[in-house]
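Got a fold to pick apart here, so let's go through it with a few questions and work out the answers together.

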Amino acid sequence: MFAHKRPPMAVLLLLLLCTLLLVQTASAAAYRQGDSGDTVTTIQTKLQRWGYYDGPVDGIYGSATVSAVQYFQSVNGLTADGVAGDAALSAMGITTTGGSASHSDSDLALLARVISAEARGEPYTGQVAVGAVILNRIAHPSFPNSIAGVVYEPGAFTCMVDGQIDQPVADSAYHAAQDALNGSDPTGGAIYYFNPATATSAWIWSRPLIAVIGSHRFCA
């Protein structure tokens, strides 16, 4: 008979460490009360932009953030548990890498291209505002849930029809796109905008006005 040998203590500790790392990785994409950091700040910023949250944007997942997430989840047909897991983060347009909010280079490039095409010559705030409208549409049930889906929706943006989308992209548009992705929204939640000097649609004129920035009117 062979005597059963217990694994060395070092091996047991290594196994325990690996288990803890796996558990931590599995829960990295879920944010709940007591958590803090950049992704929590992004969650609060987006929820505040869309009218779900009126507390401080401080990066701390407190009871007010829990309530706001529950409100957002209930409106969007998700389990209203107040935990920002994969489904809630996806609905908010937030992806995570290593526990922090991130966006793909292609998302940034496409958003910058549309901002440049639609708001070239507008003040910087107006460029950020155009990016914010695109991101606001992602969270709205009437629109596609991705930047590409919103941009390429038929008839959504004039630049896709008149060829402006193919023009060189202004440097400021990249910065504006990044600011919008980081949660900046000078429009206060608008999902439409138009230039009153050229708009002829009675419908767009009927939309509730939220803000006027540069030569654009931003509407609900």
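Q: How much of the accessible surface of the protein belongs to carbon and sulfur atoms?
A: Keep in mind that this is a predicted model. The accessible surface comes to about 11800 Å². The share of it that belongs to carbon and sulfur atoms is 57%.

Q: What percentage of the residues in the protein are buried?
A: Here, buried means under 20% relative accessible area. Counted over the 220 residues in the protein, the buried share is 38%.

Q: Which residues does Ile134 contact, leaving aside its neighbours within four places in sequence?
A: Ile134 is among the residues with the most contacts inside the largest nonpolar core, which has 31 residues. Helices α5, α6, α7 and α9 and strand β4 each supply at least two residues of this core. Once those sequence neighbours are set aside, the partners of Ile134 are Leu111, Val114, Ile147, Val150, Val151 and Phe157.

Q: Why does the end-to-end distance of helix α2 agree with its number of residues?
A: Helix α2 covers residues 38-49, so there are 12 residues to account for. The expected span is 1.5 Å times one less than the number of residues. That gives an expected 16 Å, and the end C-alpha atoms agree because they are 16 Å apart.

Q: How many of the residues of α2 are buried?
A: This helix is mostly covered. Its buried residues include Val40, Ile43 and Leu47, but also Lys46 and Arg49. Out of 12 residues, the number buried is 9.

Q: Which residue just after α2 takes a positive phi?
A: Look just past the end of α2 for a phi of about 90 degrees. The residue there is Gly51.

Notes. Residues are numbered from 1 along each chain as its sequence is written. This is a predicted model: local features need pLDDT of at least 70, side-chain atom pairs count only at pLDDT 80 or more; totals for chains, interfaces and linings use all residues. Side-chain values use heavy atoms; hydrogens and water are left out. A nonpolar core is a set of buried Ala, Val, Leu, Ile, Met, Phe, Trp, Tyr and Cys residues joined through side-chain atoms within 4.5 Å. Buried means under 20% relative accessible area, exposed over 50%, partly exposed in between (1.4 Å probe, protein chains only). Helices (H or I, at least four residues) and strands (E, at least two) are DSSP runs, numbered from the N terminus. Contact means heavy atoms within 4.5 Å. Accessible areas come from the Shrake-Rupley method with a 1.4 Å probe; for residues, only the protein chains shown count as cover.
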